[in-house]
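Hello,

Here is the structure I promised to pass on to you. Have a look at it first, and then read on for what turned up in it.

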Amino acid sequence: MPGPPELASIPETKPQHSHTETAEAAYSFLISTPPIVPIPTHLKGQLLNVKLSLGDAAGSGMVMMASALANRAIGAIVGSAVADAAAQPLHWVYDLQKLQGILDQEPNPEFRSESANPFYRRQTGQQSCYGDQAFVLLESLSECGGLNVEDLKQRTLKFFGPGSEYDTPVNDPYRDRAGPRPQLPIEGPWRQGSLKGFLKNVDAGKEETGCENDCQIDGIAKLAPVVAFYAGKPEMLEKVEQAVRVTQNNDDCVAETLAAARILEHFILNGPDPKALDSVLAQLSDPKSSLRIWTKQSLVCLPGAFQAALHGVLTAEHYEQAVRDTMSCGGCTCSRGSFIGACLGAQIGFEGIPSSWTSRTLRFESVLEHAKKITKQHQ
């Protein structure tokens, strides 16, 4: 198993003086240098005020920039969770004729009161299996002050393992596939393949707990918290990889998730940018970029779920409509919605996510509390 990739290097820039340093230098020069015309004492006081004002302005600007970054990071986390909850009642509807009949009656299908999910049923406002994974990761980051792989493993085991809400006969990782077909939909959440593989590996005492053959979109759907925490830091990709491999120990899955992480990070750091994808692709064309090494093959054959989610991000104009549009496509609406919601949430910031949606997301308060806690470092 290859080790964690090195991050693409960020071009260095020449150090520049801050406005505060410039103000200090100008004031010191004017006061200490013998002037051609002596400076009256009262003017020296005014110069000092100018110096202090420039310093305060520079400091305020830096605080505002940091505050905006933290707001975008919170927006990514909350935007992802809210979109996942909004799409959950129409999750995994692959009968497009049935779906169209629902949309004809409800053109705004978010938080639909009656679930049409043919596999599982949960209360409207609850998260899908993807949203639950994202919350476990968020909670671990919040409580540990960063990524702690062992803590994440234990929290994942507790949340999805024996004795949990997910521990049902249909969700049994050892269920005999040749046995009677289960009656669907089940009441309660669905434990997908990567989590079943994780539980088997834990039972087997393996140190590497991730499912080796699962290459679905789970990693991309749950990445918002870890990207929001490490955005702009050189270890960001390494931390994303470590988090993903807890449940998905598959190189293709990791490569695709790293590409998605760079895109989300770009929006967190910069806000709206129509050239965000170009920026990430530029890293792939850099022969020194390890992101290129990891994703060179996988980007050619990305799963349709990620392609559809990325299309939703690049063509979206508004958060609500972007989520509705991906819901209208059917299939894995929650995983696509999670990534779309994260990228749009990062662009519009926390305040841009409609309160009429957050109020219907049952875990909103907890998500927001943890999101604020892990983004304090950006302020």
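Before the cavities, a word on residue classes: Ala, Val, Leu, Ile, Met, Phe, Trp, Tyr, Cys and Pro count as nonpolar, Asp, Glu, Lys and Arg as charged, and the others, Gly among them, as polar. Please also keep in mind that this is a predicted model.

Let me begin with the second largest cavity, where those classes come in. Its lining has 6 nonpolar, 3 polar and 1 charged residues. You can pick them out in the model as Gln133, Val136, Leu137, Leu152, Thr156, Phe160, Lys222, Ala243, Val246 and Thr247. Helix 4 and helix 5 (149-160) are the elements that give two or more residues to this lining. The space inside the second largest cavity comes to about 60 Å³.

How many cavities of 30 Å³ or more does a search of the whole structure find? There are 2. The largest cavity holds about 100 Å³ of space. Around the largest cavity are 14 lining residues, and Ile77, Ala81, Gly131, Ala134 and Phe135 are the ones that lie nearest its centre. Two or more residues of that lining come from each of helix 2 (41-87) and helix 4 (129-144), and helix 4 gives the most, with 5 residues. By class, the lining of the largest cavity divides into 9 nonpolar, 4 polar and 1 charged.

Helix 4 is worth following further, to its contacts with other helices.

With helix 5, the axes come within 10 Å and cross at roughly 140°, which means that helix 4 is oblique to helix 5. The crossing of this pair is right-handed. On the helix 4 side the contact is made by Cys129, Asp132, Gln133, Val136, Leu137, Glu139, Ser140, Glu143 and Cys144, and on the helix 5 side by Asp151, Leu152, Arg155, Thr156, Phe159 and Phe160. This contact has 7 nonpolar, 3 polar and 5 charged residues.

What about helix 17 (residues 364-374)? Its axis and that of helix 4 come within 9 Å and cross at roughly 45°, so helix 4 is oblique to helix 17. This crossing is left-handed. Phe135, Leu138, Glu139, Leu141, Ser142 and Glu143 of helix 4 meet Ser366, Val367, His370, Ala371, Lys373 and Ile374 of helix 17. Sorted by class, the contact of helix 4 with helix 17 has 6 nonpolar, 3 polar and 3 charged residues.

Enjoy exploring the model!

Best wishes

Key
Residues numbered from 1 in each chain as written. Predicted model: local features only at pLDDT ≥ 70, side-chain atom pairs only at ≥ 80, totals over all residues. Heavy atoms only, no water. 1 Å grid on protein atoms, 1.4 Å probe; cavity = no way out; pocket = protein on both sides within 12 Å on 5 of 7 lines; lining within 4 Å. Points joined across faces, edges and corners; volume = space filled by probe spheres on them. Helix = DSSP H or I, 4+ residues; strand = E, 2+ residues; numbered from the N terminus. Axes fitted to C-alpha atoms, helices over the stretch in contact; angles between N-to-C directions. Parallel < 35°, antiparallel > 145°, perpendicular 65-115°, else oblique. Left-handed = near helix turned anticlockwise from the far one by under 90°. Contact = heavy atoms within 4.5 Å.
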